[in-house]
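Thanks for making the time this morning. I would like to walk through one model with you, going from a single residue outwards, and to finish with how far the coordinates can be trusted.

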Amino acid sequence: MELNITSWGYNNASVGELTLEVSKVSYVAVLLGVVIVVGNAITLLTIKLTPSFRTTTNMYLASMTTADLLIGVVIILSVVLNASNELFDRSGMVFKYVCLSLQCVAGTVGMASVSNLALVSLDRCMAVSYPFFYRRQEI
């Protein structure tokens, strides 16, 4: 098993320097993932626990928050797996299928997040453009 250090652009790097760089990337990715999960979880809990926040617009926001939460988990997991597997043999079929699955899920959840953002924008546009016809409903 030979380590291909040049794939990261480290032509003169030793394995120890590459390991340190991979661990830095993994730590930053995990820290970012924790911030994403905590922030989105607080938003979801706020909408769930406050009855006056249960409106149609906030349900769109809750849906978008759920999609962003999933994006954070999937993308961060993908970054950590990719960074840590740079040190190992990546020719196995299991690694290829895991990466492909994570990319498919990330793409699907990303499109869900963009779609939710478009729905929230359309909802706000309708509320501003037609204030007398827009009904504020509590769910």
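**Starting from Asp123**

Let me begin with Asp123, which has its place in helix α3, and let me say at once that everything here comes from a predicted model. Is Asp123 buried or exposed? Its relative accessibility is 9%, and because the cut-off for buried is under 20%, Asp123 counts as buried.

What does Asp123 touch, once residues up to four places away in sequence are set aside? The list is Thr57, Tyr60 and Tyr134. With Thr57 there is also a polar contact, side chain to side chain, at 2.4 Å. As for Tyr134, eleven residues separate it from Asp123 in sequence, and the C-alpha atoms of the two are 9.2 Å apart in space.

Asp123 has a charged partner as well, namely Arg124, and the closest N and O atoms of that salt bridge are 3.5 Å apart. As a general point, side chains of opposite charge can pair when their charged atoms come close. Whereas Asp123 is buried at 9% relative accessibility, Arg124 is partly exposed at 37%. How many salt bridges does a search of the whole structure find? The search returns one.

**Along helix α3 and beyond its end**

Staying with helix α3, which covers residues 93-129, we come to Ser113. Ser113 is again a buried residue, with a relative accessible area of 11%. Its side chain and that of Asp68 are joined by a polar contact of 2.7 Å. Beyond four places in sequence, the residues that Ser113 touches are Met64, Ala67, Asp68 and Ile71.

Now to the surface, where a nonpolar patch is formed by Leu119, Leu122, Met126, Tyr130, Phe132 and Phe133. Together these residues have about 750 Å² of accessible area. One of them, Phe133, is found in the segment after α3. With a relative accessibility of 70%, Phe133 counts as exposed, because the cut-off for exposed is over 50%.

**Helix α2 and its partners**

Which residues does helix α2 contain? It runs over residues 56-85, and Val73 is found in it. Val73 is partly exposed, at 41% relative accessibility. Its C-alpha atom lies 7.4 Å from that of Val37, although 36 residues separate the two along the chain.

Leu69 lies in helix α2 too, and, leaving out residues up to four places away in sequence, Leu69 touches Ile36, Val37 and Asn40. For Leu69 and Ala41, which are 28 residues apart along the chain, the separation of the C-alpha atoms is 7.7 Å.

Leu61 is another residue of helix α2, and it is partly exposed, with a relative accessible area of 29%. Here the partner I would point to is Leu117, which is 56 residues away along the chain, with 8.1 Å between the C-alpha atoms.

**The whole chain**

Stepping back, the protein has three helices and zero strands, so its elements, read from the N terminus on, run α-α-α, with helices and strands taken as DSSP runs. What share of the contacts between residues at least 6 apart in sequence joins residues at least 24 apart? The value is 68%, and the pairs I described from helix α2 to Val37, Ala41 and Leu117 are separated by 36, 28 and 56 residues respectively.

In terms of burial, 24% of the 139 residues in the protein are buried. The area that the protein exposes is about 9,400 Å², and 69% of that area is supplied by carbon and sulfur atoms.

**How far to trust it**

Finally, the matter of confidence, which I would ask you to keep in mind when looking at individual distances. The mean pLDDT of the protein is 79, and 76% of its residues reach 70 or more. Where does pLDDT stay under 50? That happens over residues 1-6, and for this stretch the model has 13 contacts beyond four places in sequence. Where pLDDT is low, the predicted coordinates should not be read in detail. I would therefore treat the contacts of residues 1-6, where pLDDT stays under 50, with that caution.

Methods
Residues are numbered from 1 along each chain as its sequence is written. This is a predicted model: local features need pLDDT of at least 70, side-chain atom pairs count only at pLDDT 80 or more; totals for chains, interfaces and linings use all residues. Side-chain values use heavy atoms; hydrogens and water are left out. Helices (H or I, at least four residues) and strands (E, at least two) are DSSP runs, numbered from the N terminus. Buried means under 20% relative accessible area, exposed over 50%, partly exposed in between (1.4 Å probe, protein chains only). Contact means heavy atoms within 4.5 Å. Accessible areas come from the Shrake-Rupley method with a 1.4 Å probe; for residues, only the protein chains shown count as cover. A salt bridge is a side-chain nitrogen of Lys or Arg within 4 Å of a carboxyl oxygen of Asp or Glu. pLDDT is the predictor's confidence in each residue, from 0 to 100. A polar contact is a pair of N or O atoms within 3.5 Å; within protein, one must be able to donate a hydrogen and the other to accept it, and residues adjacent in sequence count only if both atoms are side-chain atoms. Patches are made of residues with over 30% relative accessible area and no salt bridge: like charges are joined within 9 Å, nonpolar side chains (Val, Leu, Ile, Met, Phe, Trp, Tyr) within 5 Å.
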